[in-house]
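I opened the notebook to look up one pocket, the charged contacts and the aromatic contacts. The entries follow in the order I checked them.

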Amino acid sequence: MMVAAVAIVFGMSSCGSDDNDDPEVALAAQVSGSYTGQEILTVDGEPDEGSATFVFSKSSDTSVDMTIPQYGMGMMTLPALPVKNIPLTKSGSTITGKLASYAGSVTNADGAEKAYTISDVTVIFNDKTVVVTFTMKYGNMPFVFAGQFTGTRSLSKPLE
């Protein structure tokens, strides 16, 4: 009976092809990098389209920091705005990030400290592409920017 029990125990344990020796790469590491593409910022119903580069860096294994690039010219320039700790989830080959709101402050070209809020952030990564949507309130401006970005990873090596 003892020999039969040992044979059953060892017979049911596997030792080979179904073992996973390669741990899965963290979600944030899979999507970290620079993405270049088209950004549309809509202000007061008026869209403004141009090329942009968004940067995603690993914040933790399951979250990323995103940098929205500088926008505008001259006195109307908004500095690059960081958005930190966007949590990621995975479904199939798609990695999604959602963040209700992020508040921060940056120093503008004149040296003044300006508060900003980025809300309704959605980031969808699929293969080497990303789609980002968000709303942004900067300083004391009386209007909200609505942003949409679609880009392709421009670095072959992810940033960490």
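**Entry 1: the pocket.** Before counting by strand, I note the term: strands are DSSP runs of E, at least two residues long, numbered from the N terminus. The model I am reading is predicted.

I looked up the second largest pocket. It holds about 150 Å³ of space. Two elements give two or more residues each to the lining of this pocket: β1 (33–43) and β2 (46–60). Which element gives the largest share of the lining? I found β2 there, with six residues.

I then went through the lining residues by name. Among them are Glu39, Leu41, Asp48, Glu49 and Gly50. Further along the chain, the lining includes Pro69, Gln70, Tyr71 and Gly72. By character, I get four nonpolar, five polar and three charged residues in the lining of the second largest pocket.

**Entry 2: charged contacts.** How many salt bridges does a search of the whole structure find? I got one. Lys58 pairs with Asp61 in a salt bridge, and their closest N and O atoms are 3.0 Å apart. The cut-off for that N to O contact is 4 Å. Side chains of opposite charge can pair when their charged atoms come close.

Are the two partners buried or exposed? Neither label fits. Lys58 has a relative accessible area of 26%, so I log Lys58 as partly exposed. Asp61 comes out at 44%, so Asp61 is partly exposed too.

**Entry 3: aromatic pairs.** I searched the whole structure for aromatic pairs and found eight. I wrote up two.

Phe54 and Phe134 make a tilted pair, with 6.4 Å centre to centre and 50° between the planes. This pair links distant parts of the chain. Phe54 sits in strand β2 and Phe134 in strand β7 (residues 129–138), 80 residues apart. I checked how accessible each ring residue is. Phe54 has a relative accessible area of 0%, so Phe54 is buried. Phe134 has 3%, so Phe134 is buried as well.

Next I took Tyr102 and Tyr116. They form a tilted pair, 6.4 Å centre to centre, with 45° between the planes. Which parts does this pair tie together? Tyr102 belongs to strand β5 (residues 94–107) and Tyr116 to strand β6 (residues 113–126), so the pair ties together parts 14 residues apart in sequence. Both Tyr102 and Tyr116 are buried.

**Entry 4: a cluster.** My last look-up was for an aromatic cluster. I found Tyr35, Phe56 and Phe125 together in one.

Note on methods. Residues are numbered from 1 along each chain as its sequence is written. This is a predicted model: local features need pLDDT of at least 70, side-chain atom pairs count only at pLDDT 80 or more; totals for chains, interfaces and linings use all residues. Side-chain values use heavy atoms; hydrogens and water are left out. On a 1 Å grid over the protein atoms alone, a cavity is a set of points where a 1.4 Å probe fits but cannot get out, and a pocket is an open set with protein on both sides within 12 Å along at least five of seven lines; lining residues have an atom within 4 Å of a point. Grid points are joined across faces, edges and corners, and a volume is the space filled by probe spheres set on the points. Helices (H or I, at least four residues) and strands (E, at least two) are DSSP runs, numbered from the N terminus. Ala, Val, Leu, Ile, Met, Phe, Trp, Tyr, Cys and Pro count as nonpolar, Asp, Glu, Lys and Arg as charged, and the others, Gly among them, as polar. A salt bridge is a side-chain nitrogen of Lys or Arg within 4 Å of a carboxyl oxygen of Asp or Glu. Buried means under 20% relative accessible area, exposed over 50%, partly exposed in between (1.4 Å probe, protein chains only). Rings of Phe, Tyr and Trp (its six-membered ring) pair if their centres lie within 6.5 Å; planes under 30 degrees apart count as stacked, over 60 as edge-to-face and the rest as tilted.
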